[in-house]
Amino acid sequence: DTVVYICDGENPVAVATLVDPTQKSYQGFRPSEMYSLLSGKNLDGMLQQEFFAVDEGYRGMGLGTELRAQIAKLGVTSFTVVDADDRDTMVGMINNGYEMVSCIPDDGSGHAVQLWVG
């Protein structure tokens, strides 16, 4: 697991977490296998971006783009799954240079999700 963050002084104001998607998730499946199968997109060698957030008071300052740049410096490609009803997160994905590669009608929990690659 990897945590990438940006601080203002000693306070974190933006953070992203990357996890190994070949390990079983808290939902009991291997994300790389399941999302590859459901989407038709090969996710081998990618990490899963499980969490990505910028403090509300710091939005619009380019911190999301900087987090994405820090992830890129790690030399890995990542993917993330976004609830298909979460418009705010989708806008954030677009604004930070992610590409939506698939809509998955049911991720196994009855929810539609989108698969994004960064």
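Two strands count as paired if DSSP finds at least two bridges between them. In this predicted model, strand 2 and strand 3 meet that rule, because six bridges join them. These two strands run antiparallel. One contact in this pair links Val19 to its bridge partner Gln48 in strand 3.

The protein chain holds three helices and six strands. From the N terminus on, the order of elements is β-β-α-β-α-β-α-β-β. The six strands form an open sheet with mixed pairing. Across the sheet, their order is 1-2-3-4-6-5. Strand 1 (2–8) and strand 5 (99–104) are the edge strands, and each pairs on one side only. From one strand to the next, the twist averages 30 degrees.

Strand 1 pairs with strand 2 (residues 11–19) through seven bridges, in the antiparallel sense. Here Tyr5 has Val15 of strand 2 as its bridge partner. Helix 2 packs on the sheet. This helix touches strand 1, strand 2, strand 3 and strand 4. Its direction makes about 140 degrees with that of strand 1. Further along the sheet, strand 3 and strand 4 run parallel. Two bridges join them. Leu47 stands opposite Ser78 in strand 4.

What space lies in the largest pocket? The computed value is about 950 Å³. Its lining consists of 37 residues. Phe52, Val82, Asp86, Thr89 and Met93 lie nearest the centre of the pocket. Five elements are listed as giving two or more residues to the lining: helix 1 (31–39), strand 3 (47–54), helix 2 (63–73), strand 4 (78–83) and helix 3 (87–95). Strand 3 provides the largest share, with seven residues. By class, the lining has 16 nonpolar residues, 15 polar residues and six charged residues. Strand 3 thus appears both in the sheet, where six bridges join it to strand 2, and in the lining of the pocket. Helix 2 likewise packs on the sheet and gives two or more residues to the lining.

The overall dimensions complete the picture. Along its principal axes, the C-alpha trace of the protein chain spans about 40 × 25 × 25 Å. The radius of gyration of the protein chain is 14 Å. A compact globule with 118 residues would have a value near 13 Å, so the protein chain agrees with that expectation.

Notes:
Residues are numbered from 1 along each chain as its sequence is written. This is a predicted model: local features need pLDDT of at least 70, side-chain atom pairs count only at pLDDT 80 or more; totals for chains, interfaces and linings use all residues. Side-chain values use heavy atoms; hydrogens and water are left out. On a 1 Å grid over the protein atoms alone, a cavity is a set of points where a 1.4 Å probe fits but cannot get out, and a pocket is an open set with protein on both sides within 12 Å along at least five of seven lines; lining residues have an atom within 4 Å of a point. Grid points are joined across faces, edges and corners, and a volume is the space filled by probe spheres set on the points. Helices (H or I, at least four residues) and strands (E, at least two) are DSSP runs, numbered from the N terminus. Ala, Val, Leu, Ile, Met, Phe, Trp, Tyr, Cys and Pro count as nonpolar, Asp, Glu, Lys and Arg as charged, and the others, Gly among them, as polar. Axes are lines fitted to C-alpha atoms, for helices over the stretch in contact, and angles run from 0 to 180 degrees between N-to-C directions. Contact means heavy atoms within 4.5 Å. The radius of gyration is taken over C-alpha atoms; the globule rule is 2.2 Å times the number of residues to the power 0.38.
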